[in-house]
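Visitor: I would like a walk through this structure. Where do we begin?

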Amino acid sequence: MSDPASPPKVIVTGATSIIGHFLLPRLVNAGYEVHAISRNCRENPGATDKKVFWHPVDMTHPEQLPRVNAQALIHLAPLWLLPPLLPVLSSLPDQAGNRFRFNQPV
């Protein structure tokens, strides 16, 4: 279980996409700790912040996903990559120690 004073964490797949370029700085400004997932783990110039952690992951191998206790997933990678990712995500606890739930809005 994480420190209650720590910022909420969010995982963003496809983080180097055009949407990711604009979204990551806004998530940081909103107080999130962002875990950015991309094949190209080059830092996004719009999101060079200490609260953005870059993870090089090939989404065709979802087992490479980092074990991050996140409260939310924002999937900007191609949609066809999401179904194989769901079993891996369901095994990760969120910050409260609960498993990811896919039927509840955040």
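Guide: Begin with a word we will need: two residues are in contact, or touch, when heavy atoms lie within 4.5 Å. Keep in mind that this is a predicted model.

Visitor: Which residues does I37 touch, leaving out residues up to four places away in sequence?
Guide: Close sequence neighbours are not counted here. I37 belongs to β2, where it points the same way as E33 and H35. The residues it touches are I11, V12, T13, G14, A15, H55, V57, M59, L65 and P66.

Visitor: In what order do the elements of the chain run from the N terminus?
Guide: The chain has two helices and four strands. Read from the N terminus, the order is β-α-β-β-β-α.

Visitor: In what order do the four strands lie in the open sheet?
Guide: Their pairing is parallel. The edge strands, each paired on one side only, are β3 (52-56) and β4 (72-75). Neighbouring strands are turned by 20° against each other on average, direction ignored. Across the sheet the order is β3-β2-β1-β4.

Visitor: How many bridges join β1 to β2?
Guide: Strands of a sheet pair through backbone hydrogen bonds, either parallel or antiparallel. Here β1 and β2 run parallel. I11 stands opposite H35 in β2. The number of bridges is five.

Visitor: Which residue of β4 does V10 stand opposite?
Guide: Strand β1 (residues 9-13) pairs with β4 in the parallel sense, over four bridges. The residue opposite V10 is A72.

Visitor: Is β2 largely enclosed or largely open?
Guide: Buried means under 20% relative accessible area. E33, H35 and I37 point one way, V34, A36 and S38 the other way, and all are buried. That makes six of the six residues of β2, so the strand is largely enclosed.

Visitor: At about what angle does α1 run to β2?
Guide: Helix α1 covers residues 18-29. It lies across β1, β2 (33-38), β3 and β4. Its angle to β2 is about 160°.

Visitor: Which strands does α2 touch?
Guide: Helix α2 (residues 82-90) packs on the sheet. Its direction makes about 165° with that of β4. The strands it touches are β1 and β4.

Visitor: Why do the buried residues of α2 line one face of the helix?
Guide: The buried residues are L85, V88 and L89. What covers them includes β1 and β4. On the other side of α2, P83 and P87 are exposed. Seen down the helix axis, the buried residues line one face because they fall within an arc of 95°.

Visitor: Which element gives the most to the largest nonpolar core?
Guide: In soluble globular proteins, nonpolar side chains tend to be buried together. The largest core here has 13 residues, and I11, I37, M59, L65, L85 and L89 touch the most other members. With three residues, the element that gives the most is α2.

Visitor: How many residues are in the other core, the one with V10, V12, L27 and W54 among them?
Guide: This core lies apart from the largest one. Its number of residues is 11.

Visitor: What share of the residues of the chain count as buried?
Guide: The chain has 106 residues. Its accessible surface comes to about 6,300 Å², of which 57% belongs to carbon and sulfur atoms. The share of residues that count as buried is 38%.

Note on methods: Residues numbered from 1 in each chain as written. Predicted model: local features only at pLDDT ≥ 70, side-chain atom pairs only at ≥ 80, totals over all residues. Heavy atoms only, no water. Pairing = 2+ DSSP bridges. Axes fitted to C-alpha atoms, helices over the stretch in contact; angles between N-to-C directions. Core = buried A, V, L, I, M, F, W, Y, C linked by side-chain atoms within 4.5 Å. Buried < 20%, exposed > 50% of the residue type's maximum accessible area, 1.4 Å probe, protein only. Arc of directions from axis to C-beta. Areas by Shrake-Rupley, 256 points an atom, 1.4 Å probe, with all protein chains shown as cover.
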